[in-house]
Amino acid sequence: MIRDGLVLAVDGGGVKTDLALVDASGALLSLVRGGSSQAHYLGVEGCVDVLSGLLDTAITEAGLDPLARPVASTAQLLLAGMDLPEELAALGAAMERLSWSERLVLGNDTEALLRAGTDRGWGVAVVCGTGINCLGVATDRREARFLSFGPVSGDWGGGRDVGLAALAAAVRAADGRGPRTRLEGAVPAYFGLGDPLDVARAFHLGEIALVRIAELAPAVLAVCDEDAVAAEIVHRLTDEVVAFAVAALSRLELTADDPDVVLGGSMLRAISPGAVETIARGVHQVAPRARVVVSPSEPIVGAALLGLDALGADATARARARAELDAAAAERSAAVGERLG
């Protein structure tokens with residue numbers, strides 16, 4: 001059966017997609033994860049196919065009628081790469097035909113991160129996963145957004161860029177153009193190859209898919225405290241995060257206020273406390289009262305909370321949803337760690 005007041009929440013990115021079903025009391029009915037739902041890579045129909053498969057699994061886990069429509073009272077589908085009205089319109093047209101919800105909200109994953117990181121309804125969110133993006137929302141609901149197209153819009157700082165920087169540094173160390181670095185060993189070791197030149201050849205020949213370059217980003221974070229080259233890559237990342245946050249705060253005239261600046265995404269959740277402090281110092285040069293925090297919850301929590309907000313749910317329901325989603329995400333991470341171990 002379909003429950004009244006059901007929330008369908010999605011946080012989609014270039015590597016993974018989370019989908020949750022939460023009822024009006026905040027109870028988590030199901031949480032499922034799949035691969036990329038990035039329409040830039042998959043096309044609109046490919047994106048819809050990924051989401052449809054996840055929803056089918058979630059409905060089964062929740063014990064709901066797989067044929068009944070609409071599934072939910074409200075759906076919050078917040079996806080990386082949904083940056084332009086044209087993109088939102090194309091996906092919206094495809095989603096409306098599926099009748100998943102009585103009310104459909106499409107948006108960017110930065111919206112999910114901001115809601116996951118603060119209950120105030122305004123502030124700045126910088127997400128750094130495969131790519132990097134930022135959203136600023138003022139107290140009067142004015143917004144500061146960025147194109148976030150990658151290099152063509154001046155962006156640098158996602159896992160893809162950090163991974164590419166790691167490979168480049170390793171190759172330059174190996175062929176003598178750059179300083180020695182522990183990445184010279186870490187990069188080929190990750191792919192089970194002999195040296196960085198072998199890794200570069202494998203990417204060039206298509207033996208390793210270029211999308212996997214982002215998998216090298218954790219190698220940078222692992223050695224940055226003891227390797228100057230890796231430390232410089234992380235320093236560039238923190239500079240880019242500060243640039244986004246400061247731009248949003250300045251455009252919205254929030255520099256004299258006390259906004260929350262929420263950091264999230266796989267890269268920013270993995271950086272060291274020292275790197276977070278570096279970001280905070282940069283932000284405080286322009287907005288001394290800002291509070292820089294790493295989101296305590298994953299963006300899927302923010303997507304679910306936005307759905308509950310739309311239903312007019314009370315604080316108890318919102319707290320329950322956050323707690324149950326956080327617990328489910330932690331259990332999933334622990335299970336992945338056990339399998340890898």
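A cavity is a set of grid points where a 1.4 Å probe fits but cannot get out. By this rule, the count in this structure comes to 1 cavity of 30 Å³ or more. The structure is a predicted model.

## The cavity

The largest cavity holds about 50 Å³ of space. Its lining is made by M82, D83, N108, T110, N133, C134, L135, R145 and F146. Which strand gives the most to this lining? The strand is β7, with 3 residues. By class, the cavity lining divides into 4 nonpolar, 3 polar and 2 charged residues.

## The pockets

Now for the open spaces. The largest pocket contains about 1400 Å³ of space. Its lining counts 47 residues. V15, G129, T130, G131 and S266 are the ones that lie nearest its centre.

Several elements build this lining. Strands β1 (7–12), β3 (28–34) and β7 (132–137) are among those that supply at least two residues each. So are helices, including α1 (39–62), α4 (159–175), α7 (217–223) and α9 (266–270). The largest share, 4 residues, comes from α9.

The second largest pocket has about 340 Å³ of space. It is lined by 16 residues. Which of them lie nearest its centre? They are Q76, E111, R115, R141 and L306. Two helices, α3 (109–117) and α11 (299–311), each supply at least two residues of this lining. Strands β5 (101–107), β7 and β8 (143–145) each do so too.

The table sets out the three spaces by volume and by the classes of their lining residues.

| Space | Volume | Nonpolar | Polar | Charged |
|---|---|---|---|---|
| Largest pocket | about 1400 Å³ | 16 residues | 19 residues | 12 residues |
| Second largest pocket | about 340 Å³ | 6 residues | 3 residues | 7 residues |
| Largest cavity | about 50 Å³ | 4 residues | 3 residues | 2 residues |

## The sheet

Next comes a sheet. It is open and has 5 strands, in the order β3-β2-β1-β4-β5. The pairing is mixed. Why is one side of β3 and of β5 left without a neighbour in the sheet? Both strands stand at the edges, and each has a single partner strand, so one side of each stays free of a neighbour in the sheet. From one strand to the next, the twist averages 10°.

Look at one pair in detail. Strand β4 (residues 72–79) and β5 run parallel, and 6 bridges join them. L77 has L106 in β5 as its bridge partner.

Helices meet this sheet. α3 packs on the sheet and touches β1, β4 and β5. The direction of α3 makes about 110° with that of β4. α11 lies across β1, β2 (17–22), β3, β4 and β5. It runs at about 150° to β1. Both helices have already appeared above, as α3 and α11 each give at least two residues to the lining of the second largest pocket.

## A helix pair

Turn last to two helices that pack against each other. Helix α8 (residues 228–251) and helix α10 (residues 273–284) pack at an angle of about 35°. Their axes are 9 Å apart. Is the crossing of α8 and α10 right-handed or left-handed? It is right-handed.

From α8, the contact uses V234, T238, V241, V242, A245, V246 and L249. From α10, it uses A275, T278, I279, G282 and V283. What classes do these residues belong to? The contact has 9 nonpolar and 3 polar residues. No charged residues take part in it.

Technical notes:
Residues numbered from 1 in each chain as written. Predicted model: local features only at pLDDT ≥ 70, side-chain atom pairs only at ≥ 80, totals over all residues. Heavy atoms only, no water. 1 Å grid on protein atoms, 1.4 Å probe; cavity = no way out; pocket = protein on both sides within 12 Å on 5 of 7 lines; lining within 4 Å. Points joined across faces, edges and corners; volume = space filled by probe spheres on them. Nonpolar A, V, L, I, M, F, W, Y, C, P; charged D, E, K, R; others polar. Pairing = 2+ DSSP bridges. Axes fitted to C-alpha atoms, helices over the stretch in contact; angles between N-to-C directions. Contact = heavy atoms within 4.5 Å. Left-handed = near helix turned anticlockwise from the far one by under 90°.
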